[in-house]
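Please take a moment with the sequence and the model below before reading on. The paragraphs that follow lead through the structure step by step.

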Amino acid sequence: MPEGGGVPRGTPPPSVVPGVVDEALRPEIERVFGDRVGQAAAYHGLLATAGVERGLIGPREVPRLWDRHLLNCAYLGDVVEAGTSVLDIGSGAGLPGIPLALSRPDVQVRLVEPLERRYTFLREAIAELGLRDQVAVARGRAEDVRGEFSAAVVTARAVAPLATLYRWALPLVVTGGHLVAIKGRSAADEIAAAADVLHQMGVTAEPEVLRVGPDEETGTTVVRVARGHGPLRTSTTAAPTAGKRRGSRGQRR
């Protein structure tokens, strides 16, 4: 399975315009990204240009990239321990993995994405943003990389309902680690609907619904599930491809 953070020689660079920092959000952007504000702005520029051109981001999402995408994802850093490893499945345009990496230079992030055009974009973005030492990308579905990659924290955003996500993600979490999924306001309902799946998998911890970020209005709703230390029962039935619809990230989280 190909993976890595570089771009093959001869690959033309993505179309980039200088990133723009939303003045109204500047204090929060600077607080979250610190001395990596320039890289965060460059990533914003990539999403607003190449991301739209290649169908990874809906055009209507461009005015909302900072608050509903970059900051929304970076807030996951509030529940990620220092120096840990992160596996972001169904990464799409790099959300949440790239904003998390930009806001938390102490963590190592691997992006997992099955679709070639998204995988190619991610490789280019990692190189363009100078993140090769911190972020890598593997092409494949979550079930494809099982047994090859694992991490203390597995993240996902707009990938699948929890009942499906548990089956894809929890086998990738090391014992004692967590699944951390960005969800909407209906997170509690999803947890209830997926309770039997957790039981079948042998996970005994109760999922937590957390609100991370500066306040209730602008924060992010997260479901965190502890993998535990006992054996994990997994199904041998293949799951559908983990993917995201363009523009699905535009919903308020």
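**A walk through the chain**

Helix H5 is followed by Gly 130, whose phi angle is positive, near 70°. The model in which this is seen is a predicted one, and H5 itself covers residues 116-128. With its 13 residues, H5 reaches 18 Å from its first C-alpha to its last, which is close to the 18 Å expected at 1.5 Å a residue. The buried residues of H5 include Tyr 119, Phe 121, Leu 122, Ala 125 and Ile 126, and the charged names Arg 118, Arg 123 and Glu 124 belong to the buried residues of this helix as well.

Stepping back to the whole chain, one finds 8 helices and 8 strands. Of the 253 residues in the chain, 53% are buried, and the accessible surface comes to about 10900 Å², with 49% of that surface belonging to carbon and sulfur atoms. Among the contacts in the chain with a separation of 6 or more, 75% are accounted for by residues 24 or more positions apart.

In soluble globular proteins, nonpolar side chains tend to be buried together. Which residues touch the most other members of the largest nonpolar core? In that core of 47 residues, they are Phe 33, Tyr 43, Leu 47, Trp 66, Ile 98, Leu 111 and Phe 121. At least two residues of this core come from each of helix H1 (26-33), helix H2 (37-53), helix H3 (65-74), helix H4 (97-103), strand E3 (108-113), H5, strand E4 (135-139) and E6. Helix H2 gives the most to this core, with 7 residues. Apart from this core lies another, of 32 residues, among them Ala 138, Phe 149, Ala 187 and Met 201.

Trp 66, already named in the largest core, shows which parts of the sequence are brought together around one side chain. Leaving out residues up to four places away in sequence, Trp 66 touches a list of residues that includes Val 20, Val 21, Leu 25, Ile 29 and Phe 33 and, further along, Ala 40, Ala 41, His 44, Leu 71 and Asn 72.

Another place to look is helix H6, which spans residues 162-169 and has Leu 162, Leu 165, Tyr 166, Trp 168 and Ala 169 as its buried residues. What do these buried residues pack against? Their partners are strand E2 (85-89), strand E5 (151-157), strand E6 (173-183), helix H7 (187-193), helix H8 (195-201) and strand E8 (220-226).

Leu 165, which has its place in helix H6, gives a detailed view of this packing. Leu 165 counts as buried because its relative accessibility is 1%, where the cut-off for buried is under 20%. Not counting residues up to four places away in sequence, Leu 165 touches Ile 89, Ala 156, Val 159, Ala 160, Leu 170, Leu 179 and Ala 181. Computed along the sequence, Leu 165 and Ala 194 are 29 residues apart, while in space they are 9.5 Å apart, C-alpha to C-alpha.Strand E8, one of the partners of H6, is mostly covered, since 6 of its 7 residues are buried. E8 pairs with E6 in the antiparallel sense over 6 bridges, and within this pairing Ile 182 stands opposite Val 222 in E8. Strand E7 (residues 208-212) also pairs with E8 in the antiparallel sense, here over 5 bridges, and Thr 220 in E8 is the bridge partner of Val 212.

The last topic is charge. Side chains of opposite charge can pair when their charged atoms come close. How many salt bridges does a search of the whole structure find? The search finds 11. In one of them, the side chains of Arg 26 and Glu 23 meet at 2.7 Å, N to O; Arg 26 counts as partly exposed because its relative accessibility is 28%, whereas Glu 23, at 53%, counts as exposed. Glu 23 and Arg 26 are also linked with Glu 30 in a network of salt bridges.

Arg 64 forms a salt bridge with Glu 61, and the closest N and O atoms of this pair are 2.3 Å apart. Arg 64 is partly exposed, with a relative accessible area of 28%, but Glu 61 counts as buried because its relative accessibility is 6%. A salt bridge also joins the side chains of Arg 141 and Asp 144, at 3.3 Å, N to O. Here Arg 141 counts as partly exposed at 24% relative accessibility, and Asp 144 is partly exposed with a relative accessible area of 34%.

Terms used: Residues numbered from 1 in each chain as written. Predicted model: local features only at pLDDT ≥ 70, side-chain atom pairs only at ≥ 80, totals over all residues. Heavy atoms only, no water. Buried < 20%, exposed > 50% of the residue type's maximum accessible area, 1.4 Å probe, protein only. Helix = DSSP H or I, 4+ residues; strand = E, 2+ residues; numbered from the N terminus. Contact = heavy atoms within 4.5 Å. Pairing = 2+ DSSP bridges. Salt bridge = Lys/Arg side-chain N within 4 Å of Asp/Glu carboxyl O. Expected span 1.5 Å × (residues − 1). Core = buried A, V, L, I, M, F, W, Y, C linked by side-chain atoms within 4.5 Å. Areas by Shrake-Rupley, 256 points an atom, 1.4 Å probe, with all protein chains shown as cover.
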